[in-house]
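Hi everyone, thanks for making time this morning. Let's put the structure up and walk through it together.

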Amino acid sequence: MTEKVLVIGAGMAGLCCALTLASAERQVVILERDAPPPEGGTDEAFFDWNRRGVGQLRHSHAFLARLRTIIKRRHPALLAQLLEAGCREIGFADMLPDGLKADYVAEDGDSDMAVLTSRRTTLEWVMRRYVETLAGVTIVSEAVVQGLLIDKGANGQLQVLGARGELKGVTIEWRADFTIDAQGRNSQAPDQLREAGAVIAETAEDCGILYYTRHYRLRPGVDEPSRGRGAGTGDLGYIKYGLFPGDNGCFSITLAVPEVEMQIRQHVVNPEVFDGVCAQFPGIAPWTDPATAEPISKVFGMGDLRSRWRAFVAEDQPAIPGFFAVGDSLVRTNPLYGRGCSFAAVEADILASVLEHATEPAARARLYDARVREELTPYFNSMRDQDRAAIRRARRLLTPGYEPKLRAKVMQSFLDDGIRIAMRSEIDLLRAGLRDFHMLEPPGKWLRKPSNAAKVVKWWARGKKRNADLYPPPVGPDRSALMANLGLDASADILPVQAAS
């Protein structure tokens, strides 16, 4: 029998589901409320594609090795098409500090540790065109889904039978053996299921930052600036920045500003102020120099950033047969860590495996929930803990006279003077740490290995003086200097934070 699958949403999560579920035994229908991508190429997709439901579409992206390996394993032809369209691969050897490059010898697994970089619109445009060629897959654009088709049996057991909505003014019911909610953070499916009687637990908290992104293109004949010792990423507590190489001569810069930094938040959306901030960071200033590149976008802002996990399966409640959630509909994380697309790809990969090894609908729902929790909970908790620490740090910078406790000083020193120095000094430690970053190993596992921990302690014990040449240069000015250079009042946000504390 042919299994009918309904996917609601043709963003990254929905496309990943199509990549993992497409087969001769299935009919996969993807419903997308937005219009299809415009005719043309990658630039037309960037400038003209209206994706109302994807707020992060024109923010910076770097697609981690975990996502790339899933694409390479399941659809090598797609990876080839992405590279042909201008997407870039930045491999492990490219990430080495200058001091480690001369002694580098490739090891098994290094080739998998590559990040895929492009504009998000380019990645989705290529993926969508590829998915449309897969046997049994149909994408229905401008389909407005109004709700799930939920059946409540005589015993109170809920089952999802598909979705209802409109297509070009015509009311339609799309029925399927199971339905996948890939509608993202604004999905109404959880509320509809709750109204029908489902128990859906949810944990959520603010990430504590806002995002601001601007895109640029290198001028004709101009090469990318040398990275040298200037950092392409930096975290100064009061602001974070990141440089993201893109496709076809494009790149983007994102500034992440803590919620408590009201003055910076209010002004950085101005393109002149945004570029003025970038000019103060040595690692990105050469890139935004007018002689090097020209802006090709306004400053895009993004707020309402929350980490959230919805539990559609509860131990003391029946599962919901015929329904799965993927992407931000299920787990949402701070985009700062670049793991949202990888989470969606992992969930889709797990779902495909579950469907192959289980047939009973409720058993499928429970197995999917268990495997996603096992795989992604450690990363979710790690990122949430980092968000909490960043929120505390930002508040402390606005608290006059704040003095960290001894334990906090020691822990910060272990990070700055131990872990970071050790990773810049020994290739095997950098390799282990980056496997963690790319979701190829569980978070923190490499540091719990006694031999790795001993090496970190060794470098930490050497002290700052002996390690002086191993520290990178300052990534940017302190808060007071940046505010003064921008003509902003550095004291304006101090009193509100004091009152809130």
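To start, which residue in β17 is the bridge partner of Thr213? It is Phe300. Before I go further, please keep in mind that this is a predicted model.

That bridge belongs to strand β12, residues 209–218, so let's stay with that strand for a moment. With β17, residues 300–302, β12 pairs in the antiparallel sense over 3 bridges. There is also β15, residues 250–258, which pairs with β12 over 9 bridges, again antiparallel. If you want to find that pairing on the screen, look for Leu210, whose bridge partner in β15 is Val257. Then comes β16, residues 293–295, joined to β12 by 3 bridges and also antiparallel. Here Leu218 of β12 has Ala293 as its bridge partner.

Now, are the residues of β12 buried or exposed? Of its 10 residues, 10 are buried, so the strand is largely enclosed by the rest of the structure. In a regular strand, side chains alternate between the two faces of the sheet. You can follow that here: Ile209, Tyr211, Thr213, His215 and Arg217 point one way, while Leu210, Tyr212, Arg214, Tyr216 and Leu218 point the other way. Both sets are buried, including the arginines Arg214 and Arg217.

Let's move on to the aromatic rings. Searching the whole structure gives 10 aromatic pairs. One of them is Phe46 with Phe47: the ring centres are 5.0 Å apart and the planes sit at 80°, so this pair is edge-to-face. Phe46 is buried, at 2% relative accessibility, whereas Phe47 is partly exposed, with 42%.

Another pair is Phe178 and Phe324, with centres 5.7 Å apart and planes at 90°, so it is edge-to-face as well. What does this pair tie together? Phe178 lies in strand β10, residues 178–181, and Phe324 in strand β19, residues 323–325, so the pair links parts that are 146 residues apart in sequence. Phe178 counts as buried at 2% relative accessibility, and Phe324 does too, at 4%. Together with Tyr368, these two form one aromatic cluster.

Last stop: arginines over rings. Arg58 lies over the face of Phe46, which we met a moment ago, at 5.8 Å from the ring centre. Arg51 lies over the face of Trp49, at 5.3 Å from the ring centre.

That's my tour, and I'm happy to rotate the view for anyone who would like another look. Thanks for listening!

Definitions and conventions: Residues numbered from 1 in each chain as written. Predicted model: local features only at pLDDT ≥ 70, side-chain atom pairs only at ≥ 80, totals over all residues. Heavy atoms only, no water. Buried < 20%, exposed > 50% of the residue type's maximum accessible area, 1.4 Å probe, protein only. Helix = DSSP H or I, 4+ residues; strand = E, 2+ residues; numbered from the N terminus. Pairing = 2+ DSSP bridges. Phe/Tyr/Trp six-rings, centres within 6.5 Å; stacked < 30°, edge-to-face > 60°. Lys NZ or Arg CZ within 6 Å of the ring centre and 35° of its normal.
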